[in-house]
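Student: I have a new structure to read, and I would like to go through it one feature at a time. Where do we begin?

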Amino acid sequence: MTQILIGKLIEEELRSQDRSVVWLAAKLQCNRTNIYKIFRSDSIDAELLLRISNVLRRNFFTLYTDRLDPLQ
């Protein structure tokens with residue numbers, strides 16, 4: 001199974017929306033340094049991912065749930 005590079009995907013989504021790191025940092029109430037750390041992350045806390053999903057209006061959780069094995 002291929003690894004999900006969630007930080008890179010968040011960065012790509014931010015750029016595709018033509019938003020800045022400063023904008024995202026303000027929305028998440030953190031500093032720019034934290035945003036750059038997120039971009040370099042291979043994993044992310046669920047609560048933070050929920051906040052980012054809401055701010056960017058994209059459900060990043062589906063990247064993971066689409067990979068679940070069907071429930072038996």
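Tutor: Begin with a point on the backbone. This is a predicted model, and in it Gln29 has a positive phi of about 55°, just after H2.

Student: Which residues of helix H2 are buried?

Tutor: Buried means under 20% relative accessible area. In H2, residues 21-28, that applies to Val21, Leu24, Ala25 and Leu28.

Student: Why do they lie on the same side of H2?

Tutor: Look at the directions in which they point from the axis. The buried residues lie on the same side of H2 because the arc they cover around the axis is only 100°.

Student: Which exposed residues does the face turned away from the buried side carry?

Tutor: Exposed means over 50% relative accessible area. On that face of H2 the exposed residues are Val22 and Ala26.

Student: Which helices do the buried residues of H2 pack against?

Tutor: Their partners are helix H1 (6-16), helix H3 (32-39) and helix H4 (46-56).

Student: How many helices and strands does the chain have?

Tutor: There are 5 helices and 0 strands, so the order from the N terminus reads α-α-α-α-α.

Student: What share of the contacts joins residues 24 or more positions apart?

Tutor: Count the contacts with a separation of 6 or more; 59% of them are between residues at least that far apart, 24 or more positions.

Student: What share of the chain is buried?

Tutor: Of its 72 residues, 25% are buried. The accessible surface is about 5300 Å², with 49% of it belonging to carbon and sulfur atoms.

Key
Residues numbered from 1 in each chain as written. Predicted model: local features only at pLDDT ≥ 70, side-chain atom pairs only at ≥ 80, totals over all residues. Heavy atoms only, no water. Helix = DSSP H or I, 4+ residues; strand = E, 2+ residues; numbered from the N terminus. Buried < 20%, exposed > 50% of the residue type's maximum accessible area, 1.4 Å probe, protein only. Contact = heavy atoms within 4.5 Å. Areas by Shrake-Rupley, 256 points an atom, 1.4 Å probe, with all protein chains shown as cover. Arc of directions from axis to C-beta.
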